[in-house]
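Let's go through some structural terms and ask what stands behind each one. Have a look at the model first.

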Amino acid sequence: MKRFSLFLLTIIFLLSMTACSGYNGIMREHLSNEDNYHEIEATFCSYEAVGDRIYLYVSAEDKSAFDSSEANSEEIRLELVGDTCDILGEFLVKEEIREGGRITVKCSTWIYMDSMFYYVAEIKTHDKTLLSFDDGLKNIIKYMENNKSLF
């Protein structure tokens, strides 16, 4: 009985450790589908680099593509992951994207379980494409493949 309890406890512990980290099949399928990304006209507010991610804070008048929880928020937090951080990080450091500047962003607008997945797949300014959709989507897919969950 003691061994069975220990075995069961170990399984529960492993599930709790892996279930919330990484990308499961549902996430990978949804975020890999280009039809699940929406183009948003936004004003760039700020950014924050945290670990292997960069968060862009933008404001948008039309928030209809996002969950209703964003309706009253002044800023929306968008995520840059993987190689996209390297590509866009340079533009942010060089201030090619400035506070108050208008940008067009193509991003996911999906909430899954308790996490918001607003991943950026494309960014354009009025005269320049900083990240193409093809490259951005490839970077997101690569990042998810490198960070799969066990379940």
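Q: What stands opposite Cys107 in strand 7?
A: Val120 stands opposite Cys107 there. This is a predicted model, where local features need pLDDT of at least 70, side-chain atom pairs count only at pLDDT 80 or more, and totals for chains, interfaces and linings use all residues. Residues are numbered from 1 along each chain as its sequence is written, and side-chain values use heavy atoms, leaving out hydrogens and water.

Q: How do you know that strand 4 and strand 7 pair?
A: Pairing asks that DSSP finds at least two bridges between two strands. Four bridges join strand 4 (residues 102–108) to strand 7 (residues 120–124), so the definition is met. The two strands run antiparallel. Strands here are DSSP runs of E with at least two residues, helices are runs of H or I with at least four, and both are numbered from the N terminus.

Q: What makes strand 3 and strand 8 edge strands?
A: Each pairs on one side only. The open sheet has six strands in the order 3-2-1-4-7-8.

Q: Why are helix 3 and helix 4 called oblique to each other?
A: They pack at an angle of about 140 degrees, with angles running from 0 to 180 degrees between N-to-C directions and axes being lines fitted to C-alpha atoms, for helices over the stretch in contact. Under 35 degrees counts as roughly parallel, over 145 as roughly antiparallel, 65 to 115 as roughly perpendicular, and the rest as oblique. Helix 3 and helix 4 are therefore oblique.
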